[in-house]
Amino acid sequence: MHRFAKPSVFLKLTGAMMPWVVALTVILTAAGLYLALIGSPVDYQQGNTVRIMYIHVPAAWMGLFCYVGMALCGAMSLIWKHPLADICARATAPVGATFTALTLITGSLWGEPMWGTWWVWDARLTSMLILLFLYLGYIALVNAFDDPERGSKAGSALALVGAINVPIVKFSVDWWNTLHQPASVARMGGPTIDPSMLAPLLIMAFAFTGYYFIVLVLRVRLELNQRRIRALQLSGLFDERPVASGDHDELAYDQGHNAGASK
Amino acid sequence: MNEFFSMGGYGSYIWASYGLAALAMIILLVMTLRGLRQSQTELDQLETVLKARRPRRTRTTDQSPTS
């Protein structure tokens, strides 16, 4: 685990995977969109509005999935002080926030024609809105400190405490019997949804997962660049010794962490 | 074709959902790519500046005994 967590190994591995994931994501998106918009039947009650589900539900899954990933990275960052875990959590937050916001917006666009309202304070909708606020709070918090270390500590703590909201979102439709319909895919006893609708749903979910992977890798690279820029600027400003001496904390975290992992 | 776009009268809701999803995901991707490109340029500039500074320093230390 620690071996893969070395930034250089992460970059090499994900760099090799990148073209394949991009190709796969493009294919999945095209197939998913075709099935969602043309190749799937209309719902016997909801007519064509059921097509909103193929965006709404995968986006909601991704919103939760990204949050779990972010909270796990936060835990790893707190326990092992691993910079890459913190970087992954930071890179995940905007993707998760985007998917969560899309869930709320597409849900609204689905609710208006089918429920007759854009919004109700239903348990599922409310817990999903809290999820969005947790993402936004995390993003604001990690960037609120001059010292990135302190920002990541505060952010990781927030992400972990907020993880309690994930099961609440998932089971809200069972615990509180309100307007939002209960689960029809990830439920005990198997999916109750028709295969012709399950296929585009799952394909879109995999396409979104591919998109998450792509943006995650790009944002990790971005964050690594920014940390290196910060380290070089600090060493260039305050340190008269050559930069390559590697005695600066952030510049040397790659080697430094190796030493830490091998003991 | 018109039938396809009207989506049984729900076209505006459905196309708004798909359109906004595509827009948000593309914006995030483009912002990420732009940030990555900017940071790469900045990093390259910084590295060339610092690299150019280093041999000069070694040269001055080399020259110091002779002067």
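Are A:Arg227 and A:Asp86 buried or exposed? I opened the notebook with this question, and in this predicted model I find that both of these residues are buried.

**Entry 1: the pair behind the question**

I looked up how the two residues meet, and A:Arg227 forms a salt bridge with A:Asp86, with 2.9 Å between the closest N and O atoms. I then placed the partners on the chain: A:Arg227 belongs to helix H7 (residues 195-238) of chain A and A:Asp86 to helix H3 (residues 83-115) of chain A, so the salt bridge ties together parts that lie 141 residues apart in sequence.

**Entry 2: a second partner for A:Arg227**

I checked A:Arg227 for further charged partners and noted a salt bridge with A:Glu223, where the closest N and O atoms are 3.5 Å apart. Here both residues sit in helix H7 of chain A, and their spacing of four residues is about one turn of the helix. I also wanted the numbers behind the burial: A:Arg227 has a relative accessibility of 9% and therefore counts as buried, the cut-off being under 20%. A:Glu223, at 14% relative accessibility, counts as buried as well.

**Entry 3: the salt bridge between chains**

Over all chains I have four salt bridges on record for this structure, and across the interface of chain B and chain A the rule finds one. Which residues form it? I traced it to the side chains of B:Glu47 and A:Arg228, which meet at 2.9 Å, N to O. A:Arg228 forms this salt bridge with B:Glu47, and the pair crosses from helix H7 of chain A to helix H2 (residues 11-66) of chain B. I list A:Arg228 as partly exposed, with a relative accessible area of 33%, and B:Glu47 is likewise partly exposed, with 24%. Looking next at shared partners, I noted that salt bridges join A:Asp86, A:Arg90, A:Glu223 and A:Arg227 into one network.

**Entry 4: the interface as a whole**

I then turned to the full contact, which takes 42 residues from chain A and 31 residues from chain B. The two chains bury about 3,200 Å² between them, and 76% of this area is on carbon and sulfur atoms. On the side of chain B, the residues that lose the most area to chain A are B:Tyr13, B:Tyr18 and B:Met25, which together make up 22% of what that side buries. For polar contact across the interface of chain B and chain A, I noted seven residue pairs, with both residues at pLDDT 80 or more. Helix H2 of chain B gives the most to the side that touches chain A, with 27 residues, and I recorded the residues of that side as 20 nonpolar, six polar and five charged.

**Entry 5: the nonpolar cores**

How many residues does the largest nonpolar core have? I find 62, and those with the most contacts inside this core are A:Met53, A:Tyr67 and A:Val220. At least two residues each come from helices H1 (7-37), H2 (53-80), H3, H4 (123-142), H6 (165-175) and H7 of chain A, together with H2 of chain B. I followed A:Tyr67 further and, leaving out residues up to four places away in sequence, found that A:Tyr67 touches several residues, including A:Leu131, A:Leu134, A:Tyr135, A:Leu158 and A:Val166. Apart from the largest core lies another, of eight residues, and I noted A:Phe213, A:Ile214, A:Leu222 and B:Leu36 among them.

Note on methods: Residues numbered from 1 in each chain as written. Chains lettered and ligands numbered in written order. Predicted model: local features only at pLDDT ≥ 70, side-chain atom pairs only at ≥ 80, totals over all residues. Heavy atoms only, no water. Buried < 20%, exposed > 50% of the residue type's maximum accessible area, 1.4 Å probe, protein only. Core = buried A, V, L, I, M, F, W, Y, C linked by side-chain atoms within 4.5 Å. Contact = heavy atoms within 4.5 Å. Buried area = accessible area lost by both parts, 1.4 Å probe. Polar contact = N/O pair within 3.5 Å; in protein donor to acceptor, adjacent residues only side chain to side chain. Nonpolar A, V, L, I, M, F, W, Y, C, P; charged D, E, K, R; others polar.
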